[in-house]
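User: I am new to reading protein structures. Could you take me through one, feature by feature?

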Amino acid sequence: MAFTEITLTRSYRLAKAGEPLAGMRLRFTPTAAMTNAGDTVLPKVVEAAVDAETGELSVALAANTDPDTTPAGTGYVVRELVGTSYARQYAVVIPHDAAGATVDLGTLDEVTAPELDDYVSQAELDALATVVAGKAAAADLTALEAELDGKADETDDAGATVVRVPAAGAAVGVPLALTQDTDGEFTLAPVADPSDVGYDLVAVLGQSNSVGNGENLDVAMLDPTHPRVMQFPAAGAYYRQIVVASDPLQHQQAQPAPACVGFGMTFAREYVKTIPSNRSVLLVPCGRGSTGFSDPNYSWDPAATPAQLNLYSNAVAQIQAALALNPRNRLVAALWHQGEGDTAYLNQAQYAARLDSVIDDLRALFGADLPFLVGPMVPERVAGNINAGYPLVNAAHIDTQSRKPRTFWFPGPTGCYNSEANGGTIHYNAAGQRILGGGDWGRNIEGYARGLQFARANVTGTPPVAPTAVLLTQTGAATMTATWRRAPGRHTAFVVEYNTGSGWTVATRNGAVACDHTQTLTGLPSGATVQVRVSTVNEQGTSTPSPVAALTLITAPAQVTGLAAGTAGQASQPLTWNPAARAASYTLEYKRTADSTWTSVTGLTSPSYTVPALIAATSYDYRVTAVNVAGSATVSATVTASTAAPIALLTAVGTGAYGAYGLRKLKSDYSGSAVKVRRSSDNTTLDIGFTAQGDLDTAALLTFCGANSGFVDTIYDQSGNTRHLAQATAAAQPQIVSAGAVITRNGKPSMQFSGAQSLQGNVAGLYAAGAATTLGVYTSHTTNASDSVFCEGSTTGSQARYILGWWSSGGAPVLQATDDVPNTIKQVIGTAVAQDGALHQVTALDTGTELGGFVDGATNPASSAYTRSGTVTLTRFVLGGTTYGASTLVSPYTGFISEIVTFASALGVTPRQDGQANQKSYYATP
C-alpha cells in the first residue's frame, strides 16, 4: 500500500444569510488501521475548524493509492460539530485515484458511519487541544492543562476542569468547563453553577433605532423568538412582567406600525449561546424615539428635569425593578443607540460629557465594570450633511472607547436604511438592525454581540494588542482606504504605516478621532503596490504591527473603441462596443443630434446597451466612457444614428378600418386632426393634430389649455370614413388635460372617463357587416361595477346592443350580442383581469359564427360558436358606455381609453397579431 496526502475542501455558509457557519468544525476518523511494508500504521484522527471569516474548510488527510484494496480508497468517518454538539455523522471513501489532488467533500457519497474503535477518545483529546486553545496535540489531560497556559487549575461545583478561554466560534468569550465522559470523550460547555439560576439583564437604551424601526420583520425565519430570551416591558399590557421577547420589543413608547426589527433580539440570540443553560437573558427595553440629552420633554440627561419624563431615571427604575425579582439576576451590559436627536444642539465635547455622565451614573449604581456599548448612527446619515452636528456626535461616539474603559463602539453597515416613508437614512432597516445586533465580519463590523467581548477587554493598564488584519480598498487613482480588525483590548489610538517601495512611512491620522479604525491614504504613486500595517496604542505603549496587507493600485481604464449602432426601433437604439481594458463599468451618453445637452446612463457592466424611450425618426448622438475606481478614460468617438420611422397601425394591419379613433396617427396618409379639445377656462375649442413622428401634439395641446383643464369634444375617425364621435354636453366629455398636465397612461396621452362621460355618433355598422374585429387599448377598471368600454347600441327604442368591450363586475372581459326584444343572442365571459387600472391591449373577434377575444395577446375570452337570430336594430356607436331603449348612457365606463380601431370583417391571424403587436409596442402594454 502506498501512502500519500490529499487536501479535502468544502464551503459551509448559512443558506439564508450567506454568512460563514460560526463554530463549525469537522472530525475525520479512519474506519480501519492501515499497513505499509508489514508495519501497522495506527489511524490518526484529524479535526479542522471551518474558517470563521470565509466559511471554507481545508484539511490534509492521509490516503492510499492502491487500487486493489477493498474498498478502493480510504474510508473516514466524518463528524460535523457546531459548538459542542454533533450536527451529524456519516462516512465517506476517498478514491485511490484522487490521492495527491484537492477533493471537494461535498462530491463524495455519504454512507452510514460504522462503529468507531477505542482509539477515538485519545484522538478527540488531541483535537480538543487544537480547537480550544490553538495548541499542539496533547498526550493526556495533564499535558492539555499545561498547554492551556496554566489556566485550567480550578474546578466547578461538578468537578469539571475550568478553562478560561473563548469558545470556538463564539461571539463572546466565557469560562468553559472541560469534561470527560465515561467513554473517555472530552467536551466543552460554559461553567454552570446549579444554584445560579437567574437572568442576565441587558438594558437597551436610546432613541428610535434602539426601539427598532427596521422594515421587513421576518418572525418565521430571520427574527424568531428564543425560549431563553425574555423581556421586561416598559409599557403596555405586560408592563414590568417577564414575557417572551419578540420584535418589536416593548419600549417606553408605542411600537412602530407595522411591526419592525430592532437589534436587541439579535444580540440576545447570540449572547444566550455563551452562557450556562441554567441562565437566560432578560432584555430591559427603555428606548423612546426622537429623544436626546437636549430634548425638553423626554431627556436622557441624568441631571435634567424635562417636562414629561427623564428617560435615564426611567431606565434605572426599570433595571432596578428587574433586578429585584431575583437576587441572582444581574445587569451584564447596556446597549446604547442615540445621537440623532442631539446633532442640532450639542457639539462633540458637550455630547461626550452627557454620554459619560450616563455611563458613570449607571456604573455607580450597577457596578464599575458594567460594559457599555455605543452603536453607530446610519453612515449615510452621518455623511449626508443633514446638519453640521452629525460628524461631531459621531466623533463623540467613536471616542467613547478611549475616554471610558469597558466601552466599545463599532461602525454601521452602509446601504441598510429604511424607505423614505419610514424615516429614510435616519433608521436602519431590518438587515441593518440584525447586523447591529450580531455583527458582520465580511463588513468588518463587530456589532453589539461581538462588541461585548471587546468592551470587557477594554481595561486600563493592559498592554495594547495589534489588529488582526488590515483591509485595503482603492478609492481613486492615488488614494485608498485602510480599515483594520481590532483585537479585544484597550486602544486609544493607532499608528498607520505604509510602504510604496521606498520604506515605511507613518501616515498622518485623518480619522474623526484617534481611536477610529479607518485611514485614508493619498498621494500614492500610480500603479504602485502599497503595503500597510497598523499598530495599536494605549497608555501602556504601542503594540507590534499587524500583519502586512498589500494592494496594487489599478490605473484608469483604456478608451472604449468599436462603438456601433445596431438596427434601431422606433423608440430604441441598440449599441455595442469593445470591452475596454481595466474597465469596471461604462457610462453611456446620448442626445438628439440637434441638441447640446447629453443624457447619461451610468454603471453599465456589459459592453452593450439598448437606449429606450427615444423619438421616432430622429437623429441621435452616442458616446461611451470606461470607468473604474482610478477614474474615467478618454471618451469614445461619437456615433450618430437615427431611430426608425413610426409604422401606422393600419399600415401594420394592411386592411382598411371601419372606424379608427386614437391619440396618435393611425393611418399614414391621414391629414386631419386627432381630437377637438375644449378648455375649461372659456369653453373655447381647438383641433389638436400630430407631430412629425405621428404622436399627439401635446405641445399645442398644453399651449391651448395653459394651466387649465381640457376635455375631448370630438374624436375624429382616422379611417377616412368620417365616422366621428362627439359629445356636446360639457359635463359628459372625457378629460385629456388636468390643471395644465396631459393625462397619460404608460407615458402616452389617454382620455379619462369617470362614469358619466361618453363620445357618440350614429355610425353603427359592425354587427350589420356580418363579422367584426376591434383592436383597443384601455385600462382595466378599478370598480366592482359592470363597465361597458364601447359598443354599438340604439336610441330609437330598440333594446339591441353589440358590446365588444365590456368589463364584468369581477374584472373579466365580456362580449355580447342582444336583439331588439331583448334576447341574448350570445354572451362570452373570459378570465378576470386584475382590477388595478393598468393599461391593456384588448381584442374582440366575431366571425359571424364564433365570438371570442384576446387580452394582451393571450386568448381571453375563448372563442365560442353561436348562431345569429332575431331582429337587431343598431344605430349608434358609443365610447364610454352603451345605449339602448330610451337611455342615453348605460353601464358607463370608469377608466382610460387611448385607442379603439374597428374593422367590418374578421381579421386573419397575421394582420390581427400585427395590429396587436403594434399597439402593445407603442403603448407598452403587457
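Analyst: Start with ring pairs. Rings of Phe, Tyr and Trp pair if their centres lie within 6.5 Å. Here, ring pairs link Phe-293, Trp-300, Trp-336, Tyr-351 and Phe-372 into a cluster. Keep in mind that this is a predicted model.

User: How many aromatic pairs does the structure hold?

Analyst: The count is 21 aromatic pairs. Take Phe-293 and Tyr-351. Planes over 60 degrees apart count as edge-to-face. The planes of Phe-293 and Tyr-351 stand at 70 degrees, with ring centres 5.3 Å apart, so this pair is edge-to-face. The pair links distant parts of the chain, 58 residues apart. Phe-293 is in the loop between β17 and β18, and Tyr-351 is in helix α6.

User: Are Phe-293 and Tyr-351 buried or exposed?

Analyst: Buried means under 20% relative accessible area. Both Phe-293 and Tyr-351 are buried.

Now try another pair. The ring centres of Phe-410 and Tyr-448 are 5.0 Å apart and the planes are at 85 degrees, so the pair is edge-to-face. It links distant parts of the chain too: Phe-410 lies in the loop between β22 and α9, Tyr-448 in helix α10, 38 residues apart. Phe-410 is buried, at a relative accessible area of 0%. Tyr-448 is buried as well, with 0%.

User: What about charges and rings? Which residue lies over the face of Tyr-298?

Analyst: A charge can sit over a ring; look at the end of a Lys or Arg side chain. Arg-288 lies over the face of Tyr-298, at 3.8 Å from the ring centre. There is also Lys-748. Its charged end sits over the ring of Tyr-922, 4.2 Å from the centre.

User: Next, helices. How many residues of helix α4 are buried?

Analyst: Go residue by residue, with the cut-off for buried in mind. Eight of the nine residues of α4 (residues 263–271) are buried, so the helix is largely enclosed by the rest of the structure. The buried ones are Phe-263, Gly-264, Met-265, Thr-266, Phe-267, Ala-268, Arg-269 and Tyr-271.

User: How do I read the packing of two helices? At what angle do the axes of α4 and α10 cross?

Analyst: Look at the distance between the axes, then the angle. The axes of α4 and α10 come within 8 Å and cross at roughly 65 degrees. Angles of 65 to 115 degrees count as roughly perpendicular. So α4 and α10 are roughly perpendicular to each other.

User: Which residues of α4 and α10 meet?

Analyst: From α4 come Phe-263, Phe-267, Glu-270 and Tyr-271. From α10 come Tyr-448, Ala-449, Leu-452 and Arg-456. Sorted by type, the residues of this contact are six nonpolar, no polar and two charged. Tyr-448 returns here: its ring also pairs with that of Phe-410.

User: Can a loop residue be read in this way? Where is the place of Glu-446?

Analyst: Glu-446 is in the loop between α9 and α10. Its relative accessible area is 0%, so Glu-446 is buried. Check what it touches. Leaving out residues up to four places away in sequence, Glu-446 touches several residues, among them Phe-408, Phe-410, Trp-441 and Arg-486. The C-alpha atoms of Glu-446 and Phe-410 are separated by 6.1 Å, though the two are 36 residues apart along the chain.

Gly-424 is another case, in the loop between β22 and α9. Gly-424 is buried, at 0% relative accessible area. Beyond its neighbours within four places in sequence, Gly-424 is in contact with Tyr-417, Asn-418 and Ser-419.

User: And the backbone? Which residues does a cis peptide bond join?

Analyst: Read the omega angle. A cis peptide bond joins Asp-247 and Pro-248, with omega about -5 degrees. Pro-248 is in the loop between β16 and α4. Val-821 and Pro-822 are joined by a cis peptide bond too, with omega about 20 degrees.

Then read phi. In Ala-613, phi is near 55 degrees, a positive value in a residue other than glycine. Ala-613 sits in the loop between β35 and β36. At 72% relative accessibility, Ala-613 counts as exposed.

User: And the whole chain?

Analyst: The chain has 13 helices and 60 strands. Of its 926 residues, 51% count as buried.

How values were computed. Residues numbered from 1 in each chain as written. Predicted model: local features only at pLDDT ≥ 70, side-chain atom pairs only at ≥ 80, totals over all residues. Heavy atoms only, no water. Phe/Tyr/Trp six-rings, centres within 6.5 Å; stacked < 30°, edge-to-face > 60°. Helix = DSSP H or I, 4+ residues; strand = E, 2+ residues; numbered from the N terminus. Buried < 20%, exposed > 50% of the residue type's maximum accessible area, 1.4 Å probe, protein only. Lys NZ or Arg CZ within 6 Å of the ring centre and 35° of its normal. Axes fitted to C-alpha atoms, helices over the stretch in contact; angles between N-to-C directions. Parallel < 35°, antiparallel > 145°, perpendicular 65-115°, else oblique. Contact = heavy atoms within 4.5 Å. Nonpolar A, V, L, I, M, F, W, Y, C, P; charged D, E, K, R; others polar.
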